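Here is a quick tour for anyone meeting this protein for the first time. Keep the picture in view and follow along.

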Amino acid sequence: FSSSSFSAIGSASAGRYYPDWTNGNRCLSDGNEPDYMRAWPATWMFDNLEDCCDQHFQWDIESCMSSSSSSTPCNATIVTPCPTIDVVVSGSQN
């Protein structure tokens, strides 16, 4: 692979999870996966955290799930539900 091939593959891997052994057993989704993982995304890259932890840290999935981190892709939309408020009207106006 040439460096331009890695760039093209890397851009397609944004937002996907990969195993990280440098700071404990966890999966990251920060776009900083090593070149060899970008070169073989079917082996190393996962669409969700649970699949990554299950494949690479099955002996301690709970720890992997709790210590892993992700970054939200810049084109993602985060939806936070609005709280509901019950309004009680007493009396009436004429």
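## The overall layout

Five helices and three strands make up this protein. Keep in mind as you look around that the model is predicted. Starting at the N terminus, the elements come in the order α-β-β-α-α-α-α-β.

The protein has 94 residues, and 26% of them count as buried. If you take the contacts with a separation of 6 or more, 52% come from residues 24 or more positions apart. As for the outside, the protein exposes about 6,800 Å², with carbon and sulfur atoms supplying 51% of that area.

## Helix 4 and its buried face

Now find helix 4, which covers residues 49-56. Which of its residues are buried? They are Leu-49, Cys-52, Cys-53 and His-56. Look down the axis of helix 4 and you'll see its buried residues fall within an arc of 95°, so they line one face of the helix.

What covers those buried residues? The cover includes two strands, strand 1 (18-20) and strand 2 (26-29), along with helix 3 (41-44) and helix 5 (61-67). Helix 4 also has a cap at its N-terminal end, provided by Asn-48. A side-chain oxygen of Asn-48 sits 3.3 Å from the backbone nitrogen of Glu-50.

## Charged partners

Side chains of opposite charge can pair when their charged atoms come close. In this model, the count of salt bridges comes to four. One of them joins Asp-20 and Arg-26, with the closest N and O atoms 3.0 Å apart. Are these two buried or exposed? Both Asp-20 and Arg-26 are buried.

Next, head to helix 2 (residues 35-39), where you'll find Arg-38. Arg-38 has a relative accessible area of 17%, under the 20% cut-off, so Arg-38 counts as buried. Its side chain forms a salt bridge with Glu-33, at 3.2 Å from N to O. Glu-33 is buried too, at 2% relative accessibility.

Arg-38 also meets Asp-35 in a salt bridge, this time at 3.0 Å from N to O. Why are Arg-38 and Asp-35 separated by about one helical turn? Because they are three residues apart in helix 2. Asp-35 is partly exposed, with a relative accessibility of 39%. Put these pairings together and you get a network of salt bridges linking Glu-33, Asp-35 and Arg-38.

## The aromatic cluster

Last stop: the rings. There are four aromatic pairs in the structure. Take Phe-57 and Trp-59: their ring centres are 5.6 Å apart and their planes stand at 75°, so this pair is edge-to-face. Phe-57 is buried at 0% relative accessibility, whereas Trp-59 is exposed, with a relative accessible area of 56%.

Which residues form the aromatic cluster? Phe-57 and Trp-59 belong to it, together with Trp-21, Tyr-36 and Trp-44.

Note on methods. Residues are numbered from 1 along each chain as its sequence is written. This is a predicted model: local features need pLDDT of at least 70, side-chain atom pairs count only at pLDDT 80 or more; totals for chains, interfaces and linings use all residues. Side-chain values use heavy atoms; hydrogens and water are left out. Buried means under 20% relative accessible area, exposed over 50%, partly exposed in between (1.4 Å probe, protein chains only). Helices (H or I, at least four residues) and strands (E, at least two) are DSSP runs, numbered from the N terminus. The arc is that of the directions from the helix axis to the C-beta atoms. Contact means heavy atoms within 4.5 Å. A polar contact is a pair of N or O atoms within 3.5 Å; within protein, one must be able to donate a hydrogen and the other to accept it, and residues adjacent in sequence count only if both atoms are side-chain atoms. Accessible areas come from the Shrake-Rupley method with a 1.4 Å probe; for residues, only the protein chains shown count as cover. Rings of Phe, Tyr and Trp (its six-membered ring) pair if their centres lie within 6.5 Å; planes under 30 degrees apart count as stacked, over 60 as edge-to-face and the rest as tilted.
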